[in-house]
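Hi there,

Here is the structure I promised to pass on. Please have a look at it first, and then read my notes below.

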Amino acid sequence: MLESRAIAAEPLIRVENVSKHFPVTRGLLVMRTTGQVKAVDGISFTIGRQETLGLVGESGCGKTTTSRLLLRLERPSAGRVLLDGRDVHALTGAALREYHTRVQAVFQDPWSSLNPRLRIRDTIAEALVVNRRVSKAGRLERVEEVLHQVGLPLGAGGRYPHEFSGGQRQRIALASALASYPELIVLDEPVSALDVSIRAQIMNLLKDLQARQKLSYLLVAHNLATVRYIAHRTAVMYLGRIVEHADTESVYRNPLHPYTKALFAAALPADPDAPRDDLILSGEVPSPIDPPSGCHFHPRCPFALEQCSRVDPVLRAITSDHAVACHLY
């Protein structure tokens with residue numbers, strides 16, 4: 001699916017045992033904390049240079065919170081996010097501005113992510129104005145350059161967001177992310193709000209830009225086909241934890257964790273007549289306020305063992321490129 005490549009030994013991003021817990025409060029006059037929502041619960045992963053990591057799982061599993069931690073929109077309750085070995089949540093001043101030029105984002109809804117009152121050229125140039133000292137002529141030159149890179153005419157810079165289609169607005173959002181010469185772009189459901197006919201164009205554009213601009217991506221997505229097409233490695237999340245992490249083709253050809261198998265079984269098959277090994281889950285997703293003890297997935301798992309309810313499984317390597325957090329292995 002994706003050509004193999006040598007990834008630099010030292011990753012661009014390293015996430016080390018990161019957790020994010022949100023307090024649950026009650027009371028009108030006197031607020032008191034009654035619990036915590038464990039949105040992200042001790043995850044670790046790396047993103048190499050010119051590599052795409054796909055993050056998949058059901059709604060509420062912690063994917064978006066993870067992306068917000070990388071973007072410094074949330075602070076971790078525990079653990080560290082490192083860029084080239086430096087804790088991104090400890091950066092200040094010039095180092096923080098440099099971080100914001102190196103790490104950018106493209107969000108799901110291209111309409112809400114663009115300021116309707118700004119012309120496109122001003123939206124794209126905003127990162128250069130805030131984080132880099134670039135002359136007006138230099139900003140205009142860079143705007144024209146990124147518009148060309150995403151396949152939009154140069155005249156688009158003088159127009160407003162409402163004058164463009166959804167696919168064109170997503171290209172504008174991508175151009176805005178590219179303007180400051182980033183190394184990592186966080187893609188939060190970048191094609192899910194687009195028509196099916198436009199999705200393939202944007203996915204191909206993302207792959208082309210990665211090859212030409214030497215970009216890394218964190219791809220957060222529900223659509224498993226999108227992740228398989230773009231991502232080099234895939235991490236599967238359930239209730240704030242990574243339960244499987246491997247080379248993308250390894251995950252799709254040989255899913256190991258029962259939750260991963262159920263996730264793939266729920267997706268529409270490419271061939272409806274092909275035989276399927278469907279895995280039906282019982283019950284509902286537990287609350288992240290009071291997750292089950294041991295393996296969070298054990299109340300719904302048809303293969304649960306006695307120890308699954310008591311012992312938290314560790315994410316460990318089964319092969320050289322495939323790790324899973326499951327007592328079955």
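**Salt bridges, pockets and a surface patch**

E249 has a relative accessibility of 16%, so this residue counts as buried, the cut-off being under 20%. Before I go on, please keep in mind that this is a predicted model.

E249 makes a good starting point, as its side chain meets that of R253 in a salt bridge, with 3.0 Å from N to O. The two residues both belong to helix α8 (residues 248–253), where they sit 4 residues apart, about one turn of the helix. Is R253 buried or exposed? R253 has a relative accessible area of 66%, which means that it is exposed. In this pair, then, E249 is buried, whereas R253 is exposed.

There are 17 salt bridges in the structure. Another of them links D84 and R49, whose side chains come to 2.5 Å, N to O. D84 is in the loop between β4 (78–83) and β5 (86–87), while R49 is in the loop between β2 and β3 (52–56), so this pair ties together parts that lie 35 residues apart in sequence. Both partners are partly exposed: D84 has a relative accessibility of 33%, and R49 one of 30%.

E306 and R310 form a salt bridge too, and their closest N and O atoms are 2.9 Å apart. Here both residues are exposed. Which residues are joined into one network by salt bridges that share partners? They are R49, D84, R102 and E183.

**Open and closed spaces**

The second largest pocket has a volume of about 530 Å³. It is lined by 19 residues, and the closest to its centre are Q104, A105, F107, A127 and S176. Four elements each give at least two residues to this lining: α2 (93–102), β6 (103–106), α3 (120–131) and α5 (166–178). Sorted by class, the lining of this pocket holds 12 nonpolar, 6 polar and 1 charged residues.

How many cavities of 30 Å³ or more are there? The count comes to 1. The largest cavity holds about 70 Å³ of space. Its lining consists of 13 residues, and P258, C295, C301, C308 and C326 are the closest to its centre. By class, 10 residues of the cavity lining are nonpolar, 3 are polar and none is charged.

**Helices α1 and α5**

Helix α1 (residues 63–70) is mostly covered, with 6 of its 8 residues buried. The buried ones in α1 are K63, T65, T66, S67, L69 and L70. After α1 comes R72, which has a positive phi, near 65°.

Helix α5, mentioned above for the pocket, contains G167. With a relative accessible area of 11%, G167 is buried. G167 and G79 are 88 residues apart along the chain, and 37 Å separates their C-alpha atoms.

**On the surface**

Last, L28, L29 and V30 make a nonpolar surface patch of about 450 Å². V30 is located in the loop between β1 (13–26) and β2 (32–47). Its relative accessibility is 64%, so V30 counts as exposed, the cut-off being over 50%.

Happy to go through any of this with you.

Best wishes

Conventions. Residues numbered from 1 in each chain as written. Predicted model: local features only at pLDDT ≥ 70, side-chain atom pairs only at ≥ 80, totals over all residues. Heavy atoms only, no water. Patch = residues over 30% accessible without salt bridge, like charges linked within 9 Å, V, L, I, M, F, W, Y side chains within 5 Å. Areas by Shrake-Rupley, 256 points an atom, 1.4 Å probe, with all protein chains shown as cover. Salt bridge = Lys/Arg side-chain N within 4 Å of Asp/Glu carboxyl O. Buried < 20%, exposed > 50% of the residue type's maximum accessible area, 1.4 Å probe, protein only. 1 Å grid on protein atoms, 1.4 Å probe; cavity = no way out; pocket = protein on both sides within 12 Å on 5 of 7 lines; lining within 4 Å. Points joined across faces, edges and corners; volume = space filled by probe spheres on them. Nonpolar A, V, L, I, M, F, W, Y, C, P; charged D, E, K, R; others polar.
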